[in-house]
Every structure is written in C-alpha cells, then in structure tokens.
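Biologist: Please show me the model, and let us then examine the terms used to describe it.

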Amino acid sequence: MKIGLQIPSFTWPGGPQALAGTLANIARTADQGGFSSLWVMDHFFQIGGRNPAMGLGPAEDLMLEGYSTLSYLAGLTQNVKLGTLVTGVIYRYPGILVKTVTTLDVLSGGRAYLGIGAAWFEREAVGLGVPYPSTSERFERLEEALQIAHQMWSDNNGPYAGKHYQLGETLCNPQPLSQPHPSILIGGVGEQKTLRLVAQYADACNLFAGMGDDVVRSKLDVLKRHCDTVGRDYAAIEKTALATIALAPGRQSPADAIALCRSLAALGIQHVIFNMPNAHEIAPLETFGREVIPAVAGL
C-alpha cells in the first residue's frame, strides 16, 4: 500500500511570513520519510465548515493557488508524486490545464498527477468571477477536458471540437516524461457520472475513507461494473482514498492509522492519502515515516 499526504490548510503559526518555510519543512519531511505522493487542494478560498474534522477553517483562512504551490514543492522534493486533489474543471481552460500539468511533470522528472473533478464550490467561483454552470454542464465539460487531455498526450496534434471546448490544434511540446502520460485521477463518488468517467478515461479514482467500509466497497463495485460496460480492465485503475488523522497523545495513534490502512486494503484500496491537521508540527510526519509506512508497505 502507498501512503500519500494531502495539505489542505495553510493557516499555521507565524502567518504568511512563515508559510513558505513551514511548507518546505513538511514537503522535505514527507519526501524523505517514504510518502508516495503529496497533494494540495485546488481551491482559492478555504472550504471551511464543509468537514470540520479535517481541521479546515472559514473561507477567509489562508489558501494558496494549487499549481504554483506544486511547482514550489517540485523544487523541494525528489521522490513524491505531485497533484491536486482535485482541480475543478471550470477553473482553467482544459488545454491550458493540460499544459500546466505537463510542465509540472517535465520539471519534476515525471512526478505529476492530473487530479480533476466537476467542481462544487459555488461561492468560490462566484466570488472570483468564474462562470458556474449547472451540474450537468459541469460534467459535460469534465468529459470533454478528459478527452482533450488524452488527445494532447498523444501524437494527434489536430483540432478538437466539442460542445463546450473547441481547440484549433492540440499541440503539447514537450510531452510529459511520465509514460504513457501523467496519471489522471478523478475525484468524486457519484455512481452514474463520476465513476463512469473514471472507468472510461482515468487511471485512478479517489474515494473518501470516512464513508465507511460498506460504502467504499459499494462504490468500488459500481466502478467495476462501469469498467465491465466500457471494456476497461478494473485492475488497471489505481484505487485511492482520502482520510484524516491527527497523531497526538489522547487523539489518534500509529496503530489507528495502520488499522485503517489494513481495513481499506481489504476493500481494494491501494493508496491512502492522509491529511493531518497537525502536519506542520512535523513530528506526526516523522512518526508516519518511521512506524506507519513500513508497517503497511506490504498490504
């Protein structure tokens, strides 16, 4: 089993002046401690209140732009793969998004994911003047963006003509270092649309460990049925899950993290991505590298 780290919050002691140094310390510790991946949210406002257990605050809390942050992290690390969990399709024109991820992949030595989803945070979009279409249109745009990514990461430089996006040429040079291309991870658990898009276009899915074993198992069963329908090898899709843990006396322990990983592995999850409200303290990351990651590597 692989272990990843998500950094969803930047409101740490010292404020903005200390932020770069704290983030660098987190990234280097994770990279050297055996974490497989490092993720940031692709939000412009903090998503506070949606899941208080994640330790996230109100919209006014500190938030960094995702791809600038990943570029910074790429220069600080050597091993971890890097991605957003996940980019809302409405935030960037797909051709520009693919070029951005390609650049990250090349400059990081082939360590990028394309994390993408249909977007959901209307306040953020309206606040910053980003069009926020209906749910059905956002999913149409997501599917077209996935098609564009596959075309740009191929030897087909020709045009793309979709309902929402029209590209005169899909030139992307240099091509990514990752082969055959950066892994495409779709975030979300919707059974009719999201998991169907995973089966048809993606290399990885992202579920929520907090849904419980029965729900995770059910979602994976749905994904397998979609794979059967479209003729996709279910085993070729990386199954990831997002979980929250706070290693601290009186809260949670390394044993708790190991037990959760074992439970998820039994369901078919291969890559658990933890966010840690106290990651900035560094000691929880060191504990993970020393006690948790070796214990679950063989799952």
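**Terms and values**

Modeller: A network of salt bridges links D42, E65 and R92. The model is predicted: local features need pLDDT of at least 70 and side-chain atom pairs pLDDT 80 or more, while totals for chains, interfaces and linings use all residues. Residues are numbered from 1 along each chain as its sequence is written, and side-chain values use heavy atoms, leaving out hydrogens and water.

Biologist: What makes R92 and D42 a salt bridge?

Modeller: A salt bridge requires a side-chain nitrogen of Lys or Arg within 4 Å of a carboxyl oxygen of Asp or Glu. The closest N and O atoms of R92 and D42 are 2.6 Å apart, so the pair satisfies that definition. The partners are 50 residues apart, R92 in the loop between β4 (87-88) and α3, D42 in the loop between β2 (37-40) and α2 (66-76); helices (H or I, at least four residues) and strands (E, at least two) are DSSP runs, numbered from the N terminus.

Biologist: Why is R92 called buried?

Modeller: Buried means under 20% relative accessible area, exposed over 50%, and partly exposed in between (1.4 Å probe, protein chains only). R92 has 16%, and is therefore buried. D42, with 0%, is buried as well.

Biologist: What of R217 and D214, whose side chains also meet in a salt bridge?

Modeller: Their N to O distance is 3.0 Å. They are 3 residues apart in helix α7 (residues 213-230), and are therefore separated by about one helical turn. R217, at 39% relative accessible area, is partly exposed, whereas D214, at 59%, is exposed.

Biologist: Why does R111, a buried residue, have no salt bridge?

Modeller: The nearest side chain of opposite charge, D31, is 4.9 Å away, so the 4 Å cut-off is not met. For charge, Lys and Arg count as positive and Asp and Glu as negative, while His and the chain ends are not counted. A polar atom of the R111 side chain does lie 3.2 Å from the backbone oxygen of A74.

Biologist: How do you know that strand β11 is largely enclosed by the rest of the structure?

Modeller: Of its 5 residues (271-275), 5 are buried, which means that the strand is largely enclosed. H271, I273 and N275 are buried on one side, V272 and F274 on the other.

Biologist: What makes β1 and β11 a pair?

Modeller: Two strands pair if DSSP finds at least two bridges between them. Strand β1 (residues 2-7) is joined to β11 by 5 bridges, so the two pair, and they run parallel.

Notes:
Polar contact = N/O pair within 3.5 Å; in protein donor to acceptor, adjacent residues only side chain to side chain.
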